[in-house]
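I opened my notebook for a friendly look around this model. The entries below follow the order in which I looked things up.

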Amino acid sequence: MEDRDVDEGVRRAASHDESVRANRSWWDASADGYLDEHGAFLGDARFVWGPEGLSEATAGLLGDVAGRRVLEVGAGAAQCSRWLLGAGADPVALDLSGVMLRRARDLAPGLDVPLVQADAARLPFAGASFDLACSAYGALPFAEDSAGVMREVARVLRPGGRWVFAVTHPMRWSFPDDPGPDGLVARSSYFDRTPYVEQDEQGHATYVEHHRTLGDRVREVTAAGLRLVDLVEPEWPADNTRTWGAWSPLRGRLVPGTAIFVCSRP
Ligand SMILES: C[S@@+](CC[C@H](N)C(=O)[O-])C[C@H]1O[C@@H](n2cnc3c(N)ncnc32)[C@H](O)[C@@H]1O
């Protein structure tokens, strides 16, 4: 859930390594501002799937977590991992950004969640070492090698394990990043996978987002040997009056903002 208010970028190709470099710096530089703005909504130890506010405590998409070893991918400040810990799980929080992970440590000193700095497409864990994996807008919207993320998660999951990830709903790609009425007019093609890139004066990427259609995501899941169990599109609740970047009550009433893929490893 990034929260830029206007489109400042260009559309051009960006390799996985360029995307990782840019996004690591961007999240390092933005971690404090992001958490100042959204930390209260996210809570220190809540598990929120997206700006609609659907919580894991309500949705139960991971199933029973007690006693399970859980990998949180793109954990940010590890709020979800802390909720998992409180629910009796044994979580590991992984993120690309060292500053985000430092904020994770500072948010709740003494709460024993192991923090790992790594790229989600190159997981530093042995095969079949987790029962569950989850991601609330972590890594996947930013990864060029999103198919590689799926393969890596499939590799580290035990048979019977579950992988649940939330991303920006792919249909949002056609619309400007605007929470108001302008954000309801389709301006670009849903089928154009060219990434959104912000760059410096030398043309080096400073922030990158990658688009996958719904079908792309399903194909990446199945190509990794995983099975799609459910696709959850949370509705915007009437009592959520909060705007988060381009996610707003106005748009949320009309179009989905988040897609949550529930997958299992046979
Ligand atoms: C929107 S935050 C999601 C974290 C948390 N669930 C939240 O809502 O704040 C996105 C996180 O993904 C991380 N990220 C981006 N690209 C990544 C990658 N390739 N591997 C691991 N983490 C990545 C960022 O550093 C950032 O902390």
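Entry 1, surface. I built patches from residues with over 30% relative accessible area and no salt bridge, joining like charges within 9 Å and nonpolar side chains (Val, Leu, Ile, Met, Phe, Trp, Tyr) within 5 Å. A salt bridge is a side-chain nitrogen of Lys or Arg within 4 Å of a carboxyl oxygen of Asp or Glu. This is a predicted model, where local features need pLDDT of at least 70, side-chain atom pairs need 80 or more, and totals for chains, interfaces and linings use all residues. Numbering runs from 1 along each chain, and side-chain values use heavy atoms, without hydrogens or water.

I found a nonpolar surface patch of L184, V185 and L254, with about 240 Å² of accessible area together (Shrake-Rupley, 1.4 Å probe, only the protein chains shown as cover). L184 sits in the loop between β6 (157-168) and β7 (196-199); helices (H or I, at least four residues) and strands (E, at least two) are DSSP runs numbered from the N terminus.

Entry 2, helix α3. I looked up α3 (residues 79-86) and saw that Q79, C80, S81, R82 and L84 are buried (under 20% relative accessible area; exposed is over 50%, partly exposed in between; 1.4 Å probe, protein chains only). Their cover includes α1 (16-42), β2 (69-73) and β5 (130-136), with contact meaning heavy atoms within 4.5 Å. Just after α3, G88 has a positive phi of about 95 degrees.
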